[in-house]
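Visitor: Please take me through one part of this model closely, the metal site and the packing around it, and state each cut-off where its term comes up.

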Amino acid sequence: MTTNTTAHESHLATTTGLDHRKLLMWLFLASECLFFGALIATFLLYKDASVVGPKPHEILNIPVTSTSTFVLLTSSLAMVLALAAVQRSDVVSARFWIFATAFLGATFLGFQVYEFYEFVIHGLTPKTNVFGASFFTLTGFHGAHVTVGVIWLMSLFFYSFKHGLPAEKSLDVELMGLYWHFVDIVWVVIFTVVYLIGSLEPPAT
Amino acid sequence: MATAVGAFGGADHAASKSGVWSWITTVDHKRIGILYGVTAVTFFLIGGFEALLIRLQLAEAESTLIAAGLFNQLFTMHALTMIFLAIMPLGAAFFNFIVPLQIGARDVAFPRLNALSYWLFLFGALLLNSSFIFGGAPDVGWFAYANLTALEYSPSSAVDFFALGMLVLGVSSLAAALNFIITILNMRAPGMTLMRMPVFTWMTLVVSFLLVFALPILTVGLVQLLFWREFGMPFFSAEAGADPLLWQHIFWLFGHPEVYILILPAMGIVSEILPTYSRKPLFGYSTVVFAGVAIGFMGFAVWAHHMFTVGLGSIALAAFSASTMLIAVPTGIKIFNWIATLWGGSIQFTTAMLFALGFVALFVIGGLSGVMHASPPVDTQQQDTYFVVAHPHYVLFGGSIMGLFGGIYYWFPKMTGRLLSEGWGKLHFWLMFIGMNVTFGPMHLVGIDGMPRRINTYDESMGWELLNQIETVGAFIIALSVVVFLVNFFKSVKSGEPAGDDPWDGRTLEWSIASPPPEYNFARIPVVHSNEPLWDQKHPELKHDAPPVIAGGADEGAEESIHMPNPSYWPIVVAFGTALAAGLVIVNPWLASIGAVIGVLGIYGWVFEPAGPEHH
Ligand code: HEM
Ligand SMILES: [Cu+2]
């Protein structure tokens, strides 16, 4: 082992062998788990606690949300294909799949806007009751994460026209992908806990 | 890698950097450490000033010096300032300055993110304190219990300042914590395995993980609090079916780990100081490390001991009582290891050593009163009395603050190239040690006698006046000690004795390079063979198989090939936008978009910052 590591080597070689930015993303997502965990815990505490309606089982529309869930999960597939395309230096399909991911994400957001609108029409706003407050906060923050993801994807998309997307840049896309898959996985949890479990009629007390 | 995304300038630019602009745009971890330190000491003075006002009001029964409303603002802001604007950032000052040096790194993993953490901290702190001018500072206690924070009980914007200021500070701490975890995991010098890291670096790692897992929980609580107040979402409105205890659970799920965030850096510092001045290796290095990690883990399991009196039910009471008492085990292990380190050592009573010894003594007292109220029936008696004021002050002042001052005396020579005066330093220590006991010792007594915490005055017939007067005198002795420190500090910065590279005959890598260190820290990256690499090199007779290969000194020719990241003003732009957005929410949530736009433009500027001439 030599005693002299030049600056460049020490930037590239890390002690763990993992790239700084990748580690950053993993740790950030770990912290996000606790963020969403606390929001979900609040929802579970409050879902049946409201003193006025509507209650979850009266308003949640499982078929519609199942569709939007399917759209969001499809976007994860597109994200995988985007990364694969970048890694084989296929800029054109990379661009296509990045755009497709963003498009599917935006479609999911469209569903969410529709859902929120429907709920408001049927008398559930964030202020109506504690279920509404915790529901809109949880799904709203998830939607905000998807929105950030879509903006990020579109930034990457436009960037690729100016600077291309060489295979060395694949880490940029990989990080994007980690974020995107995380947001999707969180949605699967939300869908299960909030929509499937949450919409069960509470036992009469 | 982040440095590769940014631009590089040669090391030769380094010398020419001075002036305000160079500090605003700095990404050098050592300068950021100094910024953190100076800012934290400033807030320590502000928090101390608030404490003196509190003590003046309480020195006399039925005093009318300070009105009740202002009194509430003072004790709330005193706690918030000391915890979030003094102790935490002072810890961060050492993380920044010392950790890269201890692990043999040239920088942190993300230099610009590091600058962002500092600026967010500064602007968040200013936001919190600006509330004094804009209609009143937070006055609901540092843990801001619902329903006291409801619009009907707190109609002013004080609580919004609390929530938004804390959110900004939270982002700052999260960014810093992520940065330090990655720096420590990824940038250690060759040969520095995890179990060869200095204890201070280890504690930085544990604290950073605590922040990463505790802060998002607080964020959720603060968001709920804001949505409740700003948009009328009934998160804590009992009449709507909400459970106001939700706030307490969320707050203390963050808040208890937070107290370990406050103490572990000081424990790390003490674990560096004791071996150095005992001329012995730390006794049981690995147990000290594991105890620190264990304290970190257990910190998440005991939060409800802050809620013994809210009606948790007997099973929960028993569980949280037991888990709380269990924490005394790793804490005790550490104390035994420190004492064993001293045992049989040839001890030098330098100022730094005195502070470390003071830390151990006072922390034991604070820990013992902690174990006392870990018992729910005892706690029921002590809850919300001055006894509970005494306990956190023995651990936070006697522990964290004493430990951090020890760190200042220990590392000041490395930071400035000069020594603090030992004479003034010892005066500082003794005044502070005596003052601290005179102030907080009697609080145990007056607390047992039933004096409630957070009252702004009391009736003469209660018989609490004498003890309160003694406490106030103690507070002024502490204030005097701080003045002594400041005199020492300013005198020594200007004309202190030159320190040399290794004034204490140190054991870890930071002492192997120049004081103050050059911008690139290590001309050659050292190779490490034990947890006391410098000591081994100085004493080859002690080690059999460790070739001494520390190369800290300047090396002809090597410096030209070192590239350090270029200065950047994007961090301050992003921080300004974020804090502006947070501040404007109080005026009108829509106005906040102005700040948000600045912040987002800042992020784009940051990401696309043109790579420097040497970028490849
Ligand atoms: C390690 C450093 C420590 C710090 C910085 C610290 C800090 C604090 C603070 C700030 C409070 C006040 C909370 C409030 O305002 O109600 C508190 C309360 C408490 N602490 Fe500690 N503490 C530490 C160690 C310990 C230990 C070692 C134990 C027990 C083994 C302990 C047990 C408690 C309990 C049970 C309370 C609740 C008291 C009450 O609310 O009646 N603490 N601590
Ligand atoms: Cu606690």
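Guide: In chain B, the side chains of B:Thr201 and B:Gln102 are joined by a polar contact of 2.8 Å; the term stands for a pair of N or O atoms within 3.5 Å, where within protein one must be able to donate a hydrogen and the other to accept it, and residues adjacent in sequence count only if both atoms are side-chain atoms. This is a predicted model, in which local features need pLDDT of at least 70 and side-chain atom pairs count only at pLDDT 80 or more, while totals for chains, interfaces and linings use all residues, and side-chain values use heavy atoms, with hydrogens and water left out. Residues are numbered from 1 along each chain as its sequence is written, and chains are lettered from A and ligands numbered from 1 in the order in which they are written.

B:Thr201 belongs to helix H7 of chain B, residues 199–231, where helices (H or I, at least four residues) and strands (E, at least two) are DSSP runs numbered from the N terminus. With a relative accessible area of 0%, B:Thr201 is buried; buried means under 20%, exposed over 50% and partly exposed in between, with a 1.4 Å probe and protein chains only. If neighbours within four places in sequence are set aside, B:Thr201 is in contact (heavy atoms within 4.5 Å) with B:Val99, B:Gln102, B:Ile103 and B:Ile184. Between the C-alpha atoms of B:Thr201 and B:Phe180, which are 21 residues apart along the chain, the separation is 9.5 Å.

The metal site can now be taken one ion at a time. For the iron atom of ligand 1, the only protein donor is B:His391, through NE2 at 2.2 Å; donors are N, O and S atoms within 2.8 Å of the metal (3.2 Å for Na, K and Ca), and because water is not among the atoms, sites may look incomplete. The copper ion, ligand 2, has three donors in the protein, B:His256 (ND1), B:His305 (NE2) and B:His306 (NE2), which lie 1.7 to 2.0 Å from it and follow the spacing H-x48-H-H along the chain. B:His305 is buried because its relative accessible area is 13%, whereas B:His306 counts as partly exposed at 23%. The copper ion and the iron atom of ligand 1 are 4.6 Å apart.

Around ligand 1 there is a shell of 22 residues, the closest being B:Phe143, B:Asp379, B:His391, B:Leu396 and B:Arg453, where a residue is near a molecule or strand if one of its heavy atoms lies within 4 Å of it. By class, the shell divides into 13 nonpolar, 7 polar and 2 charged residues, with Ala, Val, Leu, Ile, Met, Phe, Trp, Tyr, Cys and Pro counted as nonpolar, Asp, Glu, Lys and Arg as charged, and the others, Gly among them, as polar. Helix H8 (245–278), helix H11 (351–373) and H13 of chain B each supply at least two residues of this shell; H13 gives the most, with 5 residues, and the iron donor B:His391 lies in that helix, which covers residues 386–416.

Several atom pairs link ligand 1 to these side chains. A polar side-chain atom of B:Asp379 is 2.3 Å from an oxygen atom of ligand 1, and an N or O atom in the side chain of B:Arg453 is 2.6 Å from an oxygen atom of ligand 1. For B:His391, an N or O atom of the side chain lies 2.9 Å from a nitrogen atom of ligand 1.

The backbone of chain B also deserves a check. Most residues other than glycine have a negative phi, and most peptide bonds are trans. B:Ala144, which is not a glycine, nevertheless has a positive phi near 45 degrees; it is found in the loop between H5 and H6 of chain B and counts as buried at 0% relative accessibility. In the loop between helix H5 (111–130) and helix H6 (158–186) of chain B, where B:Asn147 is found, the peptide bond from B:Ala146 to B:Asn147 is cis, with omega near 5 degrees. A cis peptide bond also joins B:Ser515 and B:Pro516, with omega about -15 degrees, and B:Pro516 has its place in the loop between helix H15 (465–495) and helix H16 (533–538) of chain B.
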